[in-house]
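Subject: Structure handover

Hi,

Here is the structure I promised to pass on. Please load it first, then read my notes underneath.

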Amino acid sequence: MAGRFRPRRRGLVALSAAAGLLVVGWLATTPWLVDHWPWVLAVVLFLFVFVVPRWFVPARSAASLAGVEDPAARGRLEDDRLKLQNDVRIGLLQAVAGVAVIAAVVVTWQQLETDRRQLRQQLEVAGQEQAGERFAQALDQLGSEQLDVRLGGIYGLERVAARAPGAAAAAAGGAYRAPEGSGEPQGGAPVGSSGDPPSVFWGSQDRVQVFEILSAYVRTTSHRPPIGPAGPDATLQIRQPDVNAALTVLARRTVLDGDPPLDLSGSLLSGARLGWARLAGADLRGADVRGTSLQHAELAGVHLEQALLCGTQFQGADLGGAHLAGARVSADTSWPPGFDWRAAGARLVDSC
């Protein structure tokens, strides 16, 4: 009988392990198991060692031994029964060991996931605190009398917009792409250059506030006396490096769905280098954009009413839906192929 039962030990181990996993999975959802699992394990071991083997292989009845007169034969039958019980016991204990190993792996994995979530939450909280400190520090720097400190504040605000916790990740599709058929590489390019496309910046929950602050800085500071030489050929970077830096940060930002357009109305931006700028829908009414390079810029729906556009370079720019009513242009103003600036409302003047 023992020989017939031993080949079934593997099946018993597999069945017991499967049942054990189901039970463990069910018990894992009960909070009291965390504090009482040693007692549960002790009860399971007691059942598997003392109860279940006797249930599988019970003691022989008197009727089954009625025809066995030889005491030695009776002893061999009892030994076989005990060996069967031992086989059952070994199989069950192997199943318990397998379930314990799997349960330990699962518990360890769950603990790692819990630790990872807690660490992520701690990093988010710390990141929010750091972002708030950087934001306040950048605002203080923006009001400094020293140029280098103001520049640090401008780029500090850019870092706040790019790295603040809770930022909504902007995929590459959120960046401006050159219009199809323009012959230019797809993707943006660094403002003020004609080289490779600009890198993708990450959006954040503070990004809109940062861009509004920088827009207000450009509108107000561009009317202050220039810091550097203010000759007719002086670029914005030479005249007012801080205004140029703020405008550059705004022009190369990543534009996400729902972002409000920039308000740069009335700004003095002549001589700025804004190639590939992302200024779709921007408010530039009454702005001085003379001699400004806006090549390949995203200007769809831009408001340029009453703006000064003498000598402005628009080659390759997207001016779809642009509003130019009352804007003044000169003969050296360059337009993208096919754009009808007269139909958009601009008027030609000898000089601005």
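What is the volume of the second largest cavity? About 30 Å³. Keep in mind that this is a predicted model.

**Cavities**

Two cavities of 30 Å³ or more turn up in the structure. For the second largest, the lining consists of Leu269, Leu274, Leu279, Leu284, Val289, Thr292 and Leu294. By class, that lining has six nonpolar residues, one polar residue and no charged ones. The polar one is Thr292.

**Helix 5 against helix 8**

Next, a helix pair. Helix 5 covers residues 147-163, and helix 8 covers residues 241-251. They pack at an angle of about 5°, and their axes are 9 Å apart. Angles under 35 degrees count as roughly parallel, so helix 5 is roughly parallel to helix 8.

Which residues meet there? Helix 5 brings Leu147, Arg150, Leu151, Ile154, Tyr155 and Glu158. Helix 8 brings Pro241, Asp242, Ala245, Ala246 and Val249. By class, this contact has eight nonpolar residues, three charged residues and no polar ones.

**Salt bridges**

How many salt bridges are there? The count comes to seven. One salt bridge joins the side chains of aspartate 242 and arginine 150, at 3.1 Å from N to O. Aspartate 242 sits in helix 8 and arginine 150 in helix 5, so this pair ties together parts that are 92 residues apart in sequence. Both residues also appear in the helix contact listed above.

Best wishes

Note on methods: Residues are numbered from 1 along each chain as its sequence is written. This is a predicted model: local features need pLDDT of at least 70, side-chain atom pairs count only at pLDDT 80 or more; totals for chains, interfaces and linings use all residues. Side-chain values use heavy atoms; hydrogens and water are left out. On a 1 Å grid over the protein atoms alone, a cavity is a set of points where a 1.4 Å probe fits but cannot get out, and a pocket is an open set with protein on both sides within 12 Å along at least five of seven lines; lining residues have an atom within 4 Å of a point. Grid points are joined across faces, edges and corners, and a volume is the space filled by probe spheres set on the points. Axes are lines fitted to C-alpha atoms, for helices over the stretch in contact, and angles run from 0 to 180 degrees between N-to-C directions. Helices (H or I, at least four residues) and strands (E, at least two) are DSSP runs, numbered from the N terminus. Angles under 35 degrees count as roughly parallel, over 145 as roughly antiparallel, 65 to 115 as roughly perpendicular and the rest as oblique. Contact means heavy atoms within 4.5 Å. A salt bridge is a side-chain nitrogen of Lys or Arg within 4 Å of a carboxyl oxygen of Asp or Glu.
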